[in-house]
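Here are my notes on the model you sent over. I've kept them as numbered points so you can follow along with the structure open.

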Amino acid sequence: MRTALTLEVGGKSMSTLVCELAVVLFSFLATSPHFPQLLLYHGDTQSTATPHTLPLTPHLLSPCRSEMSSTAYSRPSKLPGGAGERRLPPRLMRGLTGKIEPKKLGLGLLAGGCLALLTYVSLAKLFAIYSPVFASTANASGLLQNSPPASSSAPQKEAITPPEDTTFVGRKNDDPVDPVDFPEEGPAVAVSEEPGLPEALVSRKEKEAALPSEPNPSEKDQDKSIGDAKMACDENGIDEGFPYARPAVCELAGDIRVSPKQKTMYLVNPSGAAGGFDEKGEKKVRPYARNDDFLLPAVVEVTVKSLPSAEAAPQCTKRHRVPAVVFSVAGYTDNFFHDNTDVMIPLFLTAGHLKGEVQLLITNYKPWWVQKYTPLLSKLSNYPVINFDEDAGVHCFTQGFVGMYRDRDLILSPHPTRNPRNVTMLDYNRFVRAAYGLRREQPAVLGEEPGMRPQMLIISRSGTRKLLNLDEVAAAATALGFNVTVAEAGADVPAFAALVNSADVLLAVHGAGLTNQIFLPTNAVVLQIVPWGNMNWQATNFFGQPARDMQLRYLEYFVDENETSLKDKYPKDHVVFKDPKALHTQGWQVLAETIMKQDVQVNLTRFQPFLLQAIDKLQE
């Protein structure tokens, strides 16, 4: 006894579904001009008469009628096209149906339908257009996160696992390479290759991984490509005519491995050619660009250690194709003058020529300071700053600096080691203007436009060395034809830089605020009010000469003993009046407690000619 096996899907038998599929498929194919047509000839033998063509119609699907009679797909028995179409003679149809048994015809149609369906499924994937709407949840998540999906049906290529992490940061042959952290151990991650995936949806890292690339070099290959170890240190801190000693700065080359956690830079030095180390094979440097005995103990000490072989060095977790600069932002930073003289200008002097292809590593790290000067740091380096105090990796370089070169605060002069490229303060002025997007390169020229008034910015002070009659000075300048703005420099450096750049004349009492002259357009005017107390040298070397070096037009007004608040604090026979120069020889602390703690009130009769000189210089 046979048992009939009936499959049902959605309440319909499988045979009904097959017939429905056949009807839809053949109705579609019958409309195609390329589909083969059945040629029928009159009579039992082939005739030379013109053949009649019979498109496939539901008449040929009569075996399915019993299955489809109760479905919504039942169709009329007449030929499609209406009365206007040519009909076949009845005798012709009777001849056809008499020659082909209905059961065999139905089986043939079923087999043909299955074959067509199989062909469609096999070829569809090759010509399908990718649509994110129908992507799987896993693949869609991978696209949104710009990372490879968790699994893939694509064949995986065998990955070469190096003995150590050989992630590269930097550029090789001018090709950009993303800094990427790889795990120290573990299998390589397969890259998904989705057929038909639009190129715009493939992440940059996926495309790089999919394309043939140079295999990661091994440790031995790296050793062959790295030159001999070298270390040269500039420890000549003495500068004739300038009282501030410079700190040591060392330049390294070869296989350099920087471990912030150990506060150490390892130099692989098998031949011992690199000198300058002590008996322990070490060189200790505090990488702050001001050699101040009061400040240096608070600067993190970095040790450069000579090693006999690469095996004795810690394993690299990241390789860099660009040089490193390790430096500190301790000391007097957060004072705008020292932010520039002790960090930014030395950094510009050390790494400016590298055009951004340098990795900065900062010790005594201050997040707020890094945030404050992000425009300048980003202009100097194309790569994110590394926190030398917290980073746990081992960064490998072939060139590096520990410490920074510096010159005379805001003065840069040619020097064979400190400034071999003859970088000038005008270069630095252009650098900071570019970093902050300050497009104004020249001040206003009086007389070019009728009724045009030059802009004067007076920088006020809230601590010492205040301009006590600031309102009267502003009124006098306004009466002479200036548009006057009074502002005190704050933490928003970009905003204040834009304000300074908009000025034609900058006026301020001696102090850190005058450092903002670095934002002025070339040929603008700087007017410095110099306090009482033999401050000629400080006025010239801190601000006067730098202004001239930046091609600014410089004026200075010296306060006399009647214009200083010191007259209300000390008697006339005090040393501060009789011999103020003697106070300078007693050190900074004495000077800071006497001369530097004064306010000024200029005599407008004496001061007005200097305002007129500022107008004259704008007409030059």
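1. What share of the contacts in the chain with a separation of 6 or more comes from residues 24 or more positions apart? In this predicted model, the figure is 75%.

2. Some overall numbers. The chain has 620 residues, and 43% of them count as buried. I find 18 helices and 21 strands listed for the chain. The exposed area comes to about 33600 Å², with carbon and sulfur atoms supplying 54% of that.

3. Now for the nonpolar core. The largest one has 71 residues. Which residues have the most contacts inside it? They are Val 325, Phe 327, Met 344, Leu 347, Tyr 428 and Phe 519. Helix α8, residues 336-351, provides the largest share of this core, with nine residues. There is also a second, separate core of 26 residues, and Val 505, Val 509, Tyr 557 and Ala 614 are among its members.

4. Phe 327 deserves a click. Leaving out residues up to four places away in sequence, Phe 327 touches Pro 287, Val 343, Leu 347, Leu 360, Leu 361, Ile 362, Thr 363 and Met 404. Leu 347 appears in that set, and Leu 347 is also one of the residues with the most contacts inside the largest core.

5. Back to α8, this time with its partner α11, residues 425-435. Their axes come within 11 Å and cross at roughly 95°. Angles of 65 to 115 degrees count as roughly perpendicular, so α8 and α11 are roughly perpendicular to each other.

6. Who meets whom there? From α8 you have Asn 340, Met 344, Ile 345 and Phe 348; from α11, Met 425, Asp 427, Tyr 428 and Phe 431. Sorted by class, the contact has six nonpolar residues, one polar and one charged. Met 344 and Tyr 428 turn up here, and both are on the list of residues with the most contacts inside the largest core.

7. Last stop, Val 302 in strand β11, which covers residues 302-307. Is Val 302 buried or exposed? Its relative accessible area is 0%, and buried means under 20%, so Val 302 is buried. Its contacts, again not counting residues up to four places away in sequence, are Lys 263, Met 265, Lys 283, Lys 284, Val 285, Pro 287, Val 326, Phe 388 and Val 402. Take Lys 263: Val 302 and Lys 263 are 39 residues apart along the chain, yet their C-alpha atoms are separated by 5.2 Å. Pro 287 is touched by Val 302 and also by Phe 327.

Notes. Residues numbered from 1 in each chain as written. Predicted model: local features only at pLDDT ≥ 70, side-chain atom pairs only at ≥ 80, totals over all residues. Heavy atoms only, no water. Helix = DSSP H or I, 4+ residues; strand = E, 2+ residues; numbered from the N terminus. Buried < 20%, exposed > 50% of the residue type's maximum accessible area, 1.4 Å probe, protein only. Contact = heavy atoms within 4.5 Å. Core = buried A, V, L, I, M, F, W, Y, C linked by side-chain atoms within 4.5 Å. Axes fitted to C-alpha atoms, helices over the stretch in contact; angles between N-to-C directions. Parallel < 35°, antiparallel > 145°, perpendicular 65-115°, else oblique. Nonpolar A, V, L, I, M, F, W, Y, C, P; charged D, E, K, R; others polar. Areas by Shrake-Rupley, 256 points an atom, 1.4 Å probe, with all protein chains shown as cover.
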